[in-house]
Amino acid sequence: MAEHVVLRHREIPGLERLEVYLEHGGFEAWRRAVTKTTPQEVIEEVKASGLRGRGGAGFPTGVKWSFLTPNVFPRYVVANADESEPGTFKDREILERNPFQFLEGVAICAYAAQAEVAYVYLRGEFWDVAQEMDGHLASLRERGLLGKGLFGTDYNLAVHTHLGAGAYICGEETALLESLEGKLGQPRLRPPFPAAEGLYGKPTVINNVETLANLPPILARGAAWYRTMGTEKSPGTKVFSLSGKVVRPGNYELALGTTFRELIFSHGGGIPDGRKAKGILPAGASSVILPADERILDTPMDYEAVQAAGSALGSASVIVLDETTDLAWVAMKTSRFFKHESCGKCTPCREGTYWMLHLAERVERGEARLEDIDLLDTVARQIQGKCLCALGEFSTMPVVSAIASFRADFASRVADGR
Amino acid sequence: MLADKHRETIEAILAKYPPAQRRSAVMPLLHLAQQERGHVAPEDLEEIAALLGISPTQVGSLVGFYSLYYDRPGGKYRLQICTDLPCALRGAQAFAQALCDRLGIEIGGTTADGLISVEAVMCLAACDRAPVFQVQDPNGLHYHEDQTVDSALQFVEALRKGIGRG
């Protein structure tokens with residue numbers, strides 16, 4: 001098992017307190033970045049580490065920063081703490097238990113981006129987290145770790161929290177920016193990308209909580225150290241949120257490239273009551289559902305291998321289904337989620353998720369005809385490739401893959417209804 | 001009026017955003033209004049709109065869009081149970097139904113004393129601690145994890161006696 005890079009509080013009690021975090025080298029990477037290195041050197045080190053965005057897309061973080069339009073200021077950094085994917089609960093643990101490592105990451109990112117204001121956009125449900133973070137930010141200002149003229153330089157940084165109010169779509173970065181600007185959380189047409197025109201039309205970097213929390217250790221210990229963990233194309237560790245039909249659900253920080261089998265059986269304790277695993281959603285509700293056969297269980301969980309297996313690693317929210325789970329019910333549950341969360345901007349997503357839910361519920365109630373299974377599949381496929389953001393696409397994945405891999409679960413419901 | 005009672009809080013909220021971008025303060029101000037009366041009323045829309053230089057319709061559209069804002073009164077404490085896929089795999093649907101049966105209400109309903117509303121909501125990012133609910137009340141939002149019907153009923157009893165908080 002790789003060491004904890006992000007979930008360091010598991011070894012260090014009290015790490016959520018500033019004194020303890022400082023005793024363990026906290027904010028040294030931040031101080032050194034500002035006083036000893038240029039923003040470009042920070043970007044190069046993060047590029048060299050191979051760190052990829054942990055929010056789901058897996059895009060190389062340093063490369064994302066280098067897209068900022070040169071010489072346009074002010075710039076902004078936004079931390080995406082809108083964790084809302086069903087099955088994902090890793091950012092919340094980081095924010096609650098290791099908040100200063102996250103905030104040091106925000107600060108390092110802001111320096112690299114040459115931004116003097118950063119916002120932490122938290123989902124509205126993280127109310128208590130936001131209250132505590134406001135206190136943490138005040139402590140950092142008192143200690144001169146945030147504020148004006150940092151460490152005797154002319155660099156200034158202010159960090160503010162901003163609470164959302166219950167909208168999954170705001171995890172999508174342009175919808176998040178709209179929301180932060182006080183508008184409906186609906187995605188923007190891209191390009192322009194946020195690196196060119198982001199918050200208030202200015203160059204903006206948006207990174208996930210876990211991504212940011214990786215930055216202090218990378219700067220403190222170097223890109224070469226970071227690359228000793230994980231795989232060549234997916235370096236480092238990842239926090240896997242394991243849920244569903246497992247004995248020990250929870251967050252497990254493991255090297256990228258760990259197999260599903262090791263996560264589910266060694267760490268998660270296997271399936272309750274000795275039952276068999278039936279299916280796996282590797283990326284929360286937004287997953288192509290994989291049948292939990294021997295080949296899939298031995299698949300390494302890195303960005304390339306999970307994609308090659310036909311799904312995506314995404315935010316690494318591994319939901320396990322066992323032999324008692326009915327996949328027609330799963331398709332109904334995910335459709336219900338996406339129908340509720342569709343922002344309504346794109347017609348194929350808004351109408352398509354409605355009809356997917358309608359059909360999935362009909363199957364679930366045992367009132368469907370055999371043709372309705374194909375109709376459900378057709379409705380889902382008609383959404384694909386027609387929406388501004390990924391939500392519409394995501395909504396179809398569990399449905400289409402459930403029908404393709406577990407058709408019997410749907411067919412038996414139809415038979416029931418006759 | 002919010003501005004009479006919460007002047008300093010409002011100023012602190014506005015100070016987070018660039019002076020030309022006051023509209024960014026609309027969500028925190030809506031949260032403030034809702035804490036005050038449990039929902040967002042038409043006069044709140046008017047006041048917030050005037051503070052920010054936008055129209056009441058623009059403010060109202062946010063109340064409709066975001067799940068945590070309410071445009072009408074409910075129970076003083078809104079128990080919001082996650083029944084999404086990962087929680088449902090761990091019995092959250094049955095938990096929600098059993099709790100409502102014991103409280104004598106439907107999911108989405110409010111107890112006769114007006115104290116408790118129970119709603120089924122989308123993922124709360126606590127999938128490993130299901131069944132889980134959050135309580136939205138005048139003090140904000142708080143999580144209650146690893147629940148049983150009995151523990152939830154005890155919590156409700158404490159609220160009824162005025163000795164618990166959300």
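This passage describes a parallel sheet, two helix pairs and the contact between chains A and B in a predicted model. Residues are numbered from 1 along each chain as its sequence is written, while chains are lettered from A and ligands numbered from 1 in the order in which they are written. Because the model is predicted, local features need pLDDT of at least 70 and side-chain atom pairs count only at pLDDT 80 or more, whereas totals for chains, interfaces and linings use all residues.

A good place to start is the sheet of chain A. Four strands form an open sheet in the order β3-β2-β1-β4, with parallel pairing (strands are DSSP E runs of at least two residues and helices H or I runs of at least four, numbered from the N terminus; two strands pair if DSSP finds at least two bridges between them). Its edge strands are β3 and β4 (204-208), each of which pairs on one side only. Within the sheet, β1 (residues 76-81) and β2 (residues 117-122) of chain A are joined by 6 bridges, and A:V77 has A:A118 as its bridge partner in β2(A).

Helix α6 (residues 99-113) of chain A packs on this sheet, touching β1, β2, β3 and β4, and its direction makes about 150° with that of β1(A) (axes are lines fitted to C-alpha atoms, for helices over the stretch in contact, and angles run from 0 to 180 degrees between N-to-C directions). Helix α2 (residues 28-36) of chain A packs against α6(A) at about 10°, with the axes 9 Å apart. The two helices are therefore roughly parallel (angles under 35 degrees; over 145 counts as roughly antiparallel). Here A:A29, A:W30, A:A33 and A:V34 of α2(A) meet A:E104, A:A107, A:I108 and A:Y111 of α6(A) (contact requires C-beta atoms, placed from the backbone, within 7 Å). These residues divide into 7 nonpolar, no polar and 1 charged (Ala, Val, Leu, Ile, Met, Phe, Trp, Tyr, Cys and Pro count as nonpolar, Asp, Glu, Lys and Arg as charged, and the others, Gly among them, as polar).

Further along chain A, helices α15 (residues 327-341) and α16 (residues 347-364) pack at about 150°, with their axes 8 Å apart. They are therefore roughly antiparallel. Their contact residues comprise 10 nonpolar, 2 polar and 4 charged.

Helix α15(A) turns up again where the chains meet. The contact takes 39 residues from chain A and 33 from chain B. On the chain A side, α15(A) gives the largest share, 6 residues.

Definitions and conventions
Angles under 35 degrees count as roughly parallel, over 145 as roughly antiparallel, 65 to 115 as roughly perpendicular and the rest as oblique. Two residues are in contact if their C-beta atoms, placed from the backbone, lie within 7 Å.
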